[in-house]
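Reader: I'd like to learn how to read a ligand site and the empty space in a model. Could you walk me through one?

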Amino acid sequence: MVEVATSLLNVKKEEVIKTLYNLEVAGTDYIQIDVMDGKFVEDNTTEKMNEYAEYVKQVTNLPLDIHLMVKDVESYIKSYLALDPYCITFHIEACKNKKEIMKFIDLIKESNVKVGIAISPNTPIEDIYEYLPYIHKVIVMSVEPGKGGQEFIENTIEKISNLNIFNYENGFEVDIEVDGGINDKTGKECTDAGANILVAGTYIIKSGDYKKAILSLK
Ligand code: DX5
């Protein structure tokens, strides 16, 4: 069963409340909060995303899916745990070593929040295999982290397929989420390869019919 997370990255502040109401009615499964610190990636969305995360809690019953594109992973985990999110995902590229990764995984799980690891396009999928027994989700980035509205990177499909096979052969049930350049065409390529959660920002927000766009991904 394919689930859909809608990214608010390119939603204007003056439209966010109305957008949230409409997304909930349209049937998005999650709201993705793309937190960027201006260090791990160029843009800084920290203030906007903190505000949007608060709105999600206040005006919807939608699960908050936090995607940290930050260098100081620990401090952002701690600040977002306060919002009792559904899941917090951090980038493997922002971590120094396995010890630190395991520390962050435990920090999130201790608060009964699901944990994900995200990998950027140039990171080999094998780099996250050793963490699969401890996490709930892998975000396979299909664009360079840092901006919405980019083109889907085609070699992502092979990474999804390899992860799906490794997941299955080892009896893991880790969610495979794909984020970046997702539309009905690229989304189907990803789900055919084994992804079960699709993140879309532009495709849904600019669709003019959220429900139709979300259903086309499912
Ligand atoms: C990149 C972001 C985007 C966003 C969705 O750092 O994570 O992938 O969520 O972007 P589009 O507009 O491509 O769906």
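Reader: Let's start with the shell around the ligand: how many nonpolar, polar and charged residues does the shell have?

Author: Keep in mind that this is a predicted model. Sorted by class, the ligand's shell holds seven nonpolar, nine polar and three charged residues.

Reader: Which residues come nearest to the ligand?

Author: There are 19 residues around the ligand, and those that come nearest are Asp34, Gly146, Asp179, Gly201 and Thr202.

Reader: And how do I read polar contacts there?

Author: The general idea is to look for N or O atoms paired within 3.5 Å. Here, threonine 202 has a polar side-chain atom 2.5 Å from a ligand oxygen. Glycine 201 uses its backbone instead: one of its polar backbone atoms is 2.7 Å from an oxygen atom of the ligand. Then there's serine 7, with a polar side-chain atom at 3.3 Å from a ligand oxygen.

Reader: How much of the ligand's accessible area does the protein cover?

Author: On its own the ligand has 370 Å² of accessible area, and the protein covers 98% of that.

Reader: Which elements give two or more residues to that shell?

Author: Three strands do: β2 (30-36), β3 (64-69) and β8 (197-200).

Reader: Now the empty space. What's the trick for finding it?

Author: Rolling a probe the size of a water molecule over the atoms shows where empty space is left. In this model, the largest pocket is the space that the ligand takes. That pocket has a volume of about 420 Å³. Its lining counts 30 residues, with Gly148, Gly149, Gly180, Gly181 and Thr202 closest to the centre.

Reader: Which element gives the largest share of the pocket lining?

Author: That's α7, with three residues. The elements that supply two or more lining residues are β2, β8 and α7 (202-205). By class, the pocket lining splits into 14 nonpolar, twelve polar and four charged residues.

Reader: What about closed spaces: how many cavities of 30 Å³ or more does a search of the whole structure find?

Author: A cavity is space where the probe fits but cannot get out. The search turns up one of 30 Å³ or more, and the largest cavity holds about 40 Å³.

Reader: Which residues line the largest cavity?

Author: Its lining is made of Tyr30, Asp65, Tyr86, Cys87, Lys114, Lys137, Asp175, Glu177 and Ile197. Sort those by class and you get four nonpolar, no polar and five charged residues.

How values were computed:
Residues numbered from 1 in each chain as written. Predicted model: local features only at pLDDT ≥ 70, side-chain atom pairs only at ≥ 80, totals over all residues. Heavy atoms only, no water. Near = heavy atom within 4 Å. Polar contact = N/O pair within 3.5 Å; in protein donor to acceptor, adjacent residues only side chain to side chain. Areas by Shrake-Rupley, 256 points an atom, 1.4 Å probe, with all protein chains shown as cover. 1 Å grid on protein atoms, 1.4 Å probe; cavity = no way out; pocket = protein on both sides within 12 Å on 5 of 7 lines; lining within 4 Å. Sits in = over half its atoms within 2 Å of the grid points. Helix = DSSP H or I, 4+ residues; strand = E, 2+ residues; numbered from the N terminus. Nonpolar A, V, L, I, M, F, W, Y, C, P; charged D, E, K, R; others polar. Points joined across faces, edges and corners; volume = space filled by probe spheres on them.
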